Amino acid sequence: MDWMETVVHTTTMGADLVSDVLMGAGAVGTSIEDRFDVTSSKKSDGMWDMIDEDVLRHMSEDVLVKAYFEQGPSAQEALHLLRQKLQELSREEMGFDIGSLELEIRQVREQDWAENWKKYYKPFRAGRRLVIRPSWERYEEKEGDLVLKLDPGMAFGTGTHETTFMCLEQLETYVTPGSRVIDVGCGSGILALAAAKLGADDVLAIDLDELAVKVAAENVQKNGLTAVVRVEHGDLLERREEKADVIVANIIADVICYLCGPAKKHLLPGGTLICSGIIREREADVQRALTAAGYTVDTRLEKGEWICLAARL
């Protein structure tokens with residue numbers, strides 16, 4: 001099958017908004033290429049310490065949000081809708097620079113789409129022990145390494161974004177041998193896999209996106225963790241009784257504010273809610289919601305424009 005690839009030029013602050021617009025126009029998947037993810041993270045211990053410098057030299061100065069649409073009768077309609085939505089977005093008062101929103105379009109073969117982005121994704125270290133290794137890359141393990149083999153496909157969660165990276169760091173702190181963990185909005189399954197590698201006995205990875213569930217299940221199998229990690233399609237808050245020592249939710253501020261209260265019934269006494277995907281401007285809202293729900297913020301991490309909080313009951 002042939003695909004239509006669209007590329008929108010934006011900024012770090014605008015990338016998630018643009019991604020939402022693309023998905024709303026009918027894209028089957030998006031990816032974000034941001035130099036800031038590399039340049040800022042190279043200052044952090046471990047992250048990107050194995051990246052090829054040639055990758056950085058060839059990355060655009062703009063943040064590029066790429067999306068893919070199936071070729072067919074509806075492609076032009078989707079393109080028209082996309083242009084309309086981008087124009088509307090450019091007229092909105094955001095309070096920050098959203099970039100030019102320049103739109104590029106090209107045709108790609110399915111094989112090119114599946115392989116092209118992989119050159120940017122290399123093994124990297126997250127925290128003290130975790131190493132994320134793309135399934136197609138080789139890595140020579142060092143003593144004490146906990147290596148996750150990952151193929152994110154079109155699901156969110158490569159580990160390179162600040163929000164996911166901070167969750168990995170928090171999991172190293174709060175997951176202990178024998179822990180029970182729930183990963184809400186699991187995407188590629190990277191956080192569920194990390195929890196299992198860190199010693200969790202039972203991990204539930206759950207997502208509303210059927211594609212994410214499929215990708216996560218494949219990654220669990222690749223890592224030989226089917227006995228520990230269960231991947232399910234659905235909503236944590238609907239008719240579920242699972243309880244955990246740690247719940248991790250790498251979502252967005254609004255969902256965290258809504259989720260933190262109901263999530264309490266799924267936390268064991270003294271349990272921890274790790275929440276990420278919080279843009280700096282929304283941290284106060286999340287802090288208020290956590291306090292109102294009876295949590296105490298135990299740890300706060302910050303990378304770039306993003307905040308990750310670990311809160312205990």
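## A mixed sheet and its helix

Val-246 sits across from Thr-272, a residue of strand 12. That's a handy way into this predicted model, so to speak, and the pair of strands around it is a good place to begin.

Strand 11 covers residues 244-250 and strand 12 covers residues 267-279. The two run in the parallel sense and are joined over 6 bridges. In general, strands of a sheet pair through backbone hydrogen bonds, and they can do this in parallel or antiparallel fashion.

Now for the wider sheet. It's an open one made of 7 strands, and its pairing is mixed. Reading across, the order goes 10-9-8-11-12-14-13. At the edges you'll find strand 10 (229-233) and strand 13 (296-303), each with pairing on one side only. From one strand to the next, the twist averages 15°.

A helix joins the picture too: helix 8, residues 210-222, packs on this sheet. Helix 8 touches strand 9 (202-207) as well as strand 10, and its direction makes about 165° with that of strand 10.

Here are the elements mentioned so far, with their residue ranges:

| Element | Residues |
|---|---|
| Helix 8 | residues 210-222 |
| Strand 9 | residues 202-207 |
| Strand 10 | residues 229-233 |
| Strand 11 | residues 244-250 |
| Strand 12 | residues 267-279 |
| Strand 13 | residues 296-303 |

Stepping back to the whole chain, there are 10 helices and 14 strands. Of its 313 residues, 51% count as buried. The accessible surface comes to about 14,600 Å², with 48% of that belonging to carbon and sulfur atoms. As for contacts with a separation of 6 or more, 69% are between residues 24 or more positions apart.

Notes:
Residues are numbered from 1 along each chain as its sequence is written. This is a predicted model: local features need pLDDT of at least 70, side-chain atom pairs count only at pLDDT 80 or more; totals for chains, interfaces and linings use all residues. Side-chain values use heavy atoms; hydrogens and water are left out. Two strands pair if DSSP finds at least two bridges between them. Helices (H or I, at least four residues) and strands (E, at least two) are DSSP runs, numbered from the N terminus. Axes are lines fitted to C-alpha atoms, for helices over the stretch in contact, and angles run from 0 to 180 degrees between N-to-C directions. Contact means heavy atoms within 4.5 Å. Buried means under 20% relative accessible area, exposed over 50%, partly exposed in between (1.4 Å probe, protein chains only). Accessible areas come from the Shrake-Rupley method with a 1.4 Å probe; for residues, only the protein chains shown count as cover.
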